[in-house]
Amino acid sequence: MSRSAHPAGPRHGDVFPEGHYTAPADDLNALDEKVWARTVARNEAGVVTVGGLEVTRLAEEFGTPAYFLDEADFRARCRAWAGAFGSDADVFYAGKAFLSRAIVRWLKEEGLNLDVCSGGELTTALDAGMPAERIAFHGNNKTVDEITRAVEAGVGRIVLDSFQEIVRVAHIAQGLGKRQRVQIRVTVGVEAHTHEFIATAHEDQKFGIALAGGQAAEAVRRALKLDGLELIGIHSHIGSQIFDMAGFEVSARRVVQLLAEVRDEHGVELPEIDLGGGLGIAYTSEDDPREPQDIAKALTEIVTRECESANLRTPRISVEPGRAIVGPTAFTLYEVGTVKPLEGLRTYVSVDGGMSDNIRTALYDAEYSVALVSRRSDAAPMLVRVVGKHCESGDIVVRDAFLPADTAPGDLLAVPATGAYCRSMASNYNHALRPPVVAVADGAARVIVRRETEEDLLRLDVG
């Protein structure tokens, strides 16, 4: 079937079914700079490029689906965060968003620290040369082996998440003849305006020690008494994909109040406060993220004001952006396999990936943008649902969006802002092969995480 004869389904001007989509853009060929990596553009031939390379060429060389990461953009965002907070604060990249040895090397070169939350992430960080003193170790249930490796390596801080862990880390550190720097993670009772599964500062969840009922104050008492621990501060994280700074203001106020109570009871002013990460990025044109310098200014002013009010020295601030750095720097490239119009509803566009390379739509009802990137099209917009190839009705990549009505098998689609929590949460569901991550910069592309092979699957299956 020719593209011009392709059945389009609902068109611009039709009455569309209810959904989360917005009206189609005036020009479906346009690329919103808020959503796409910085070097992404559409050339005169109508093909989208990244780092000067056409996606059609990248698809031929590396296949689809694949994640393409704009290295220049990643490095620029690292520098922006480091510069915004300056030498009087610490920026820890949250490795859970996406981590590889190349990422660790870039972080080291750009002056950022690294936050890990598993033994595997710690191993990757150390193997790639990140100095242990620039690593923070998180997690609500760190194993004895993980804690031992972290203490032996000399990580800069371990974030304590429970009363049991206070004793566990102290015991391991003492056994190794060390005094481990630690922070206590507290839940401050802030209801962040985000999805239930990524809100982490309300009290009914697994992370941290509650301020309510004096539990956090008791954790401080216990940590200060143990010879194996050096308590350096308090940690708070209120959630993810947050745009409103009001939650951070409430969190900072409550953490500073705890610092004042510690001073009054123990005569100790803890020197650090970590406000976590969770700052949102633009997944669609509707999102309006804040710039690092605005975030730094707001957080610094909040903490300074609260400390002055409590007559405390202002502690050193730490933040932990992950998604805010890597999220916007990558997109996932797919090839269209089938196009299925449903009369009066929408058109289903099936691609060669799906929930195995991006579980966030199914898990969090996340919203994404999508664009036809292998050519320019002047066709009318049609309402689509971009879906994957897995045996699940919930295998949705982009729930509701508009694509040109002549979108057809063989076309390349790209979903932007997939640098965070896509490859790191990827799976082998249906024995799918996890896609590669390809770094692109200055007209060159190189694989930093290779595509899995069927031999990889069979190698783990010992029969």
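Colleague: Does Glu165 count as buried or exposed?

Modeller: The model is predicted. The reading rests on relative accessible area, and under 20% means buried. Glu165 has 0% relative accessibility, so Glu165 counts as buried.

Colleague: Which side chain does that of Glu165 meet in a salt bridge?

Modeller: The side chain of Lys142, with 2.6 Å from N to O. This salt bridge links distant parts of the chain. Glu165 is in helix H6, residues 163-175, while Lys142 sits in the loop between strand E7 (135-137) and helix H5 (144-153). The two are 23 residues apart.

Colleague: Is Lys142 buried or exposed?

Modeller: Lys142 is buried, because its relative accessible area is 2%. Its partner Glu165 is buried as well, at 0%.

Colleague: How many salt bridges does the structure hold?

Modeller: There are 30 salt bridges. One of them joins Asp145 and Arg149, where the closest N and O atoms are 3.2 Å apart.

Colleague: Where do Asp145 and Arg149 lie?

Modeller: Both are in helix H5. Their spacing of 4 residues is about one turn of the helix. Asp145 has a relative accessible area of 46%, so Asp145 is partly exposed. Arg149 is also partly exposed, because its value is 30%. Set against this pair, take Asp411 and Arg375, whose side chains form a salt bridge of 3.0 Å, N to O.

Colleague: Which parts does the pair of Asp411 and Arg375 tie together?

Modeller: Two loops. Asp411 belongs to the loop between strand E18 (396-404) and strand E19 (412-416). Arg375 belongs to the loop between strand E16 (371-372) and strand E17 (381-387), so this salt bridge joins parts 36 residues apart in sequence. Asp411 and Arg375 are both buried.

Colleague: Now helix packing. At what angle do helix H2 and helix H3 pack?

Modeller: For H2 (residues 71-85) and H3 (residues 101-110) the angle is about 40 degrees, and the axes are 10 Å apart. Angles under 35 degrees count as roughly parallel. H2 and H3 are therefore read as oblique to each other. The crossing of H2 past H3 is right-handed.

Colleague: Which residues of H2 and H3 meet?

Modeller: From H2 come Glu71, Phe74, Arg75, Cys78, Arg79 and Ala82. From H3 come Ile103, Trp106, Leu107, Glu109 and Glu110. Sorted by class, this contact has 6 nonpolar residues, 5 charged residues and no polar ones.

Colleague: What links Glu71, Arg75, Arg79, Glu109 and Glu110?

Modeller: A network of salt bridges. Glu71, Arg75 and Arg79 are among the H2 residues in the contact, and Glu109 and Glu110 are among those of H3.

Colleague: How should I read helix H4 and H5, and what is their angle?

Modeller: H4 covers residues 119-127, and H4 packs with H5 at about 25 degrees, the axes being 10 Å apart. H4 and H5 are therefore roughly parallel to each other. Here the crossing is left-handed.

Colleague: Which residues of H4 meet H5?

Modeller: Gly119, Leu122, Thr123 and Leu126 of H4 meet Glu146, Arg149, Ala150 and Ala153 of H5. The contact divides into 4 nonpolar, 2 polar and 2 charged residues. Arg149 in this contact also bridges to Asp145.

Colleague: Take Ala150 in this contact. Is Ala150 buried or exposed?

Modeller: Ala150, in helix H5, is buried because its relative accessible area is 0%. Leaving aside residues up to four places away in sequence, Ala150 touches Leu122, Phe137, Val155 and Ile158. Ala150 and Glu165 are 14 Å apart, C-alpha to C-alpha, and 15 residues apart in sequence.

Colleague: Now a residue in a loop. Which residues does Ser100 touch?

Modeller: With residues up to four places away in sequence left out, Ser100 touches Thr124, Ile448 and Val449. Ser100 lies in the loop between strand E5 (89-94) and H3. Its relative accessibility is 5%, so Ser100 counts as buried.

Colleague: Last case: where does Thr304 lie?

Modeller: In helix H9, residues 292-309. Thr304 is partly exposed, because its relative accessible area is 23%. Thr304 and Val256 are 48 residues apart along the chain, with 9.7 Å between their C-alpha atoms.

How values were computed
Residues numbered from 1 in each chain as written. Predicted model: local features only at pLDDT ≥ 70, side-chain atom pairs only at ≥ 80, totals over all residues. Heavy atoms only, no water. Axes fitted to C-alpha atoms, helices over the stretch in contact; angles between N-to-C directions. Parallel < 35°, antiparallel > 145°, perpendicular 65-115°, else oblique. Left-handed = near helix turned anticlockwise from the far one by under 90°. Contact = heavy atoms within 4.5 Å. Nonpolar A, V, L, I, M, F, W, Y, C, P; charged D, E, K, R; others polar. Salt bridge = Lys/Arg side-chain N within 4 Å of Asp/Glu carboxyl O. Buried < 20%, exposed > 50% of the residue type's maximum accessible area, 1.4 Å probe, protein only.
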